[in-house]
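Trainee: Please take me through one part of this model closely, starting with its largest pocket. I'd like to see how that part connects to what lies around it.

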Amino acid sequence: GYGKIYDGTFSGTLIGGNGVTAELLAQNGIIVLGESQISKLLNYIIAFIGSAVALWLALDFITSTLSAFKIIGQTYHQLPITKSMMINSFIHYVIVFLISIPVFKGRMKFILGGNYE
């Protein structure tokens, strides 16, 4: 265990501390995640991917609609802010990152029954 371990009395009581393997890994510079940290990480990944897909779909829908009415010449899957695709990709993922933070917080609040800040 990492962060909390059983006290050794077989009563199911948890105490603060790390198990032998988790402690050894941590002492050797290997990142060890506890159960709640893994849950948060997975929820953030889900929020990030969901936000990325939502932004892509929204851009596709909006630019397809504008293209159909001949307002713009083509559809976009990223925001065409600069002429550099690399800079556009960077800006796109910064936007996805910023969108995914409140999505993550909302998911955690829902999962934990409104007890997440």
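Mentor: Happy to! Ala, Val, Leu, Ile, Met, Phe, Trp, Tyr, Cys and Pro count as nonpolar, Asp, Glu, Lys and Arg as charged, and the others, Gly among them, as polar. By that split, the pocket's lining has two nonpolar, five polar and two charged residues. This is a predicted model, where local features need pLDDT of at least 70 and side-chain atom pairs 80 or more, while totals for chains, interfaces and linings use all residues. Residues are numbered from 1 along each chain, and side-chain values use heavy atoms, without hydrogens or water.

The lining consists of Gly1, Tyr2, Gly3, Lys4, Leu14, Gly34, Glu35, Ser36 and Gln37 (a pocket is an open set of 1 Å grid points where a 1.4 Å probe fits, with protein on both sides within 12 Å along at least five of seven lines; lining residues have an atom within 4 Å of a point). Helix 2, residues 35-68, gives the most, three residues (helices are DSSP runs, H or I, of at least four residues).

Let's follow helix 2 to its rings. The whole structure has three aromatic pairs (ring centres within 6.5 Å; planes under 30 degrees apart are stacked, over 60 edge-to-face, the rest tilted). Tyr44 and Phe48 have ring centres 6.3 Å apart and planes at 35°, so this pair is tilted. Both lie in helix 2, four residues apart, about one turn. Tyr44 also pairs edge-to-face with Phe104, at 5.7 Å and 70°. Phe104 lies in helix 3 (residues 85-111), so this pair ties together parts 60 residues apart in sequence. Finally, ring pairs link Tyr44, Phe48, Phe97 and Phe104 into a cluster.

Technical notes. Helices (H or I, at least four residues) and strands (E, at least two) are DSSP runs, numbered from the N terminus. Rings of Phe, Tyr and Trp (its six-membered ring) pair if their centres lie within 6.5 Å; planes under 30 degrees apart count as stacked, over 60 as edge-to-face and the rest as tilted.
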